[in-house]
Amino acid sequence: MTEYEAGDTVFEDEPYAAIVSATSLDSVCSFCFKNYVEYRCSLCNRLSYCTEGCQQADVFHDRVECIALADQDKIVEDEVRLVIRTAARYKHEQQRNYASLGNFFGLERGLDDLVSHLEDLNDDERQKVKAKAQQIKSILDRVGVSIERKELMEIYMKCKINCHLVIDHNEPEYLSRGRAIYLAASKLDHTCVPTENYTLMFDGRRLVIRAMKNFTLKDPSDLRIHYVPSNLSYNDRRDRLLKNYFFLCSCDQCVSQLRFPAADDDSREERVSEIAEVLRQYDPDSWSWFDTATKVLQKFEGVTDRDFHLHWLLLHTQQAAAHQKLYSRSLEYGTRALKGATTVMGFQRILFGLLSCAKHLGWNKRDSAYIDNFTGIKRISEKLFTITHGKDHSIVKMISESRPVEQSR
Ligand SMILES: [Zn+2]
Ligand SMILES: [Zn+2]
Ligand SMILES: [Zn+2]
């Protein structure tokens with residue numbers, strides 16, 4: 001039994017292997033995931049680093065990935081690159097009779113302990129994994145890493161099931177920067193119930209669970225994360241959990257939603273596909289994207305803003321409106337998006353957008369009719385970000401500096 005105070009680190013873990021997404025390779029350091037680069041690998045001319053130190057620390061790039069990338073015409077898929085790095089490290093350690101271990105509250109875990117569910121695949125799925133493993137094997141063969149295809153199939157599935165998207169929580173846009181696989185954190189089980197005591201976040205490539213309030217952890221297995229978003233419908237969660245993680249969830253939320261199913265919703269299927277299509281083309285700087293998005297939003301009037309798909313559209317429309325300098329519209333969509341946020345991190349990202357729009361609209365001027373709204377948003381932002389990021393973090397300083405000002409004349 002351990003007691004935590006708001007702001008405490010409950011758990012943290014460094015990745016076994018991590019890769020920056022192909023789309024961010026030019027701007028994000030491939031070792032520490034900082035959104036700043038100064039050096040580019042001169043051999044593959046693809047990966048970048050913030051310092052020489054980071055470049056040197058990224059040993060499995062030098063040994064394997066760099067050579068593998070250098071002779072490819074286009075950048076290899078993110079998924080495949082993560083497997084290349086994981087397999088390279090695994091074989092490298094195996095040859096030295098060594099295995100890195102993660103530590104989950106005293107319980108040690110190596111890559112061998114991660115689940116692969118290879119035996120649960122149907123024939124069709126198995127063939128696909130086999131083909132992927134063969135593709136990766138041929139890359140690894142060329143760079144002198146010898147590994148059996150069966151072993152690679154295991155590692156491929158382990159990466160697929162245990163991989164985390166690494167979000168940049170050090171910059172307020174909270175953009176996804178890459179993906180990583182963790183040993184100790186792979187012990188974190190799933191729940192569909194929103195967690196109020198703590199939140200999952202990333203500091204660079206490090207995965208962190210931060211206490212949001214004072215609470216007592218009776219058993220480390222009580223620490224849960226969301227493998228799939230908790231505001232997806234019961235059927236969507238069940239399908240995704242089964243397909244990607246091979247289990248049926250029986251958490252309180254699932255049991256109650258299974259016993260008392262939500263009424264059928266006629267526009268649901270149309271909504272899902274239409275919103276997915278709009279989000280696929282997301283471009284915050286394009287007026288026509290914004291125009292299309294607002295028309296789609298109008299079509300789903302009457303659907304709750306807590307709806308998972310509508311929430312995502314609102315979130316993106318909030319950002320696009322701000323890019324178009326339509327600050328009141330951005331505030332309107334952001335306020336609606338807040339209702340559907342189910343995680344602290346989701347909440348914070350919207351809140352930060354609201355605060356900066358309110359400033360653009362002059363709500364921070366002392367004689368503004370909206371000064372109370374401004375100070376309200378600022379107070380809650382300051383409080384939440386101080387708990388998650390610490391009072392000295394640059395985001396907290398940005399928020400603190402947006403204090404009320406005299407009316408400029
Ligand atoms: Zn770096
Ligand atoms: Zn390179
Ligand atoms: Zn559940």
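In this predicted model, Tyr174 is found in the loop that links β8 to β9, and its phi is positive, at about 55°, although the residue is not a glycine. Most residues other than glycine have a negative phi. Tyr174 counts as partly exposed because 17 C-beta neighbours lie inside 10 Å, where 20 or more would be needed for a residue to be called buried and 12 or fewer for it to be called exposed.

The two strands that flank this loop belong to an open sheet of three strands, arranged in the order β3-β9-β8 with antiparallel pairing. The edges of the sheet are formed by β3 (17–20) and β8 (163–167), each of which pairs on one side only, and neighbouring strands are turned against each other by 25° on average, direction ignored. Helix α3 (residues 78–95) packs on this sheet and touches β3, β8 and β9, its direction making about 150° with that of β3.

Within the sheet, β3 is joined to β9 (residues 176–181) by four bridges, the two strands running antiparallel. Ile19 has Arg179 as its bridge partner in β9, and Val20 stands opposite Gly178 of that strand. On the side of β8, five bridges connect this strand to β9, again in the antiparallel sense, and Cys163 has Ile181 of β9 as its bridge partner. Five of the six residues of β9 are buried, so this strand is largely enclosed by the rest of the structure.

A further set of pairings involves β2, β11 and β12. Strand β2 (residues 9–13) runs antiparallel to β12 (residues 206–211), to which four bridges join it, and the bridge partner of Glu12 in β12 is Val208. Strand β12 also pairs with β11 (residues 198–203), in the antiparallel sense and over six bridges, with Tyr198 facing Ala211 of β12 as its bridge partner. Together β11 and β12 form a hairpin in which two residues stand between the strands, and Gly204, in the turn, has a positive phi of about 65°.

Helix α4 (residues 123–142) has 20 residues, which at 1.5 Å a residue should span 28 Å, and the separation of 29 Å between its end C-alpha atoms agrees with this expectation. The buried residues of this helix are Ala133, Ile136, Ile139 and Leu140. Because these residues cover an arc of only 115° around the axis, they are placed on the same side of α4. Among the elements that cover the buried residues of α4 are α2 (59–70), α3 and α5 (149–162); helix α3 is thus part of this cover and also packs on the sheet that contains β3, β8 and β9. The face of α4 that is turned away from the buried side carries the exposed residues Asp123, Asp124, Gln127, Ala131, Gln134, Ser138, Asp141 and Arg142. Just after the helix, Gly144 adopts a positive phi of about 80°.

At the level of the whole protein, the domain assignment gives domain 1 (17–164) and domain 2 (268–401), and the C-alpha centres of these two domains are 35 Å apart.

Further along the chain, Ile275 has its place in helix α8 (residues 268–280), and this residue counts as buried because 24 C-beta neighbours lie inside 10 Å. When the neighbours within four places in sequence are left aside, Ile275 is in contact with Val296, His309, Leu310, Trp312 and Leu313. By contrast, the C-alpha atom of Ile275 is separated by 21 Å from that of Ala262, a residue 13 places away along the chain.

The loop between α10 (308–323) and α11 (327–339) is the place of Lys325, which has a positive phi of about 60° although it is not a glycine. Lys325 is exposed, because 10 other C-beta atoms lie within 10 Å.

Methods:
Residues numbered from 1 in each chain as written. Chains lettered and ligands numbered in written order. Predicted model: local features only at pLDDT ≥ 70, side-chain atom pairs only at ≥ 80, totals over all residues. Pairing = 2+ DSSP bridges. Axes fitted to C-alpha atoms, helices over the stretch in contact; angles between N-to-C directions. Contact = placed C-beta atoms within 7 Å. Domains from an automatic or database assignment. Expected span 1.5 Å × (residues − 1). Arc of directions from axis to C-beta.
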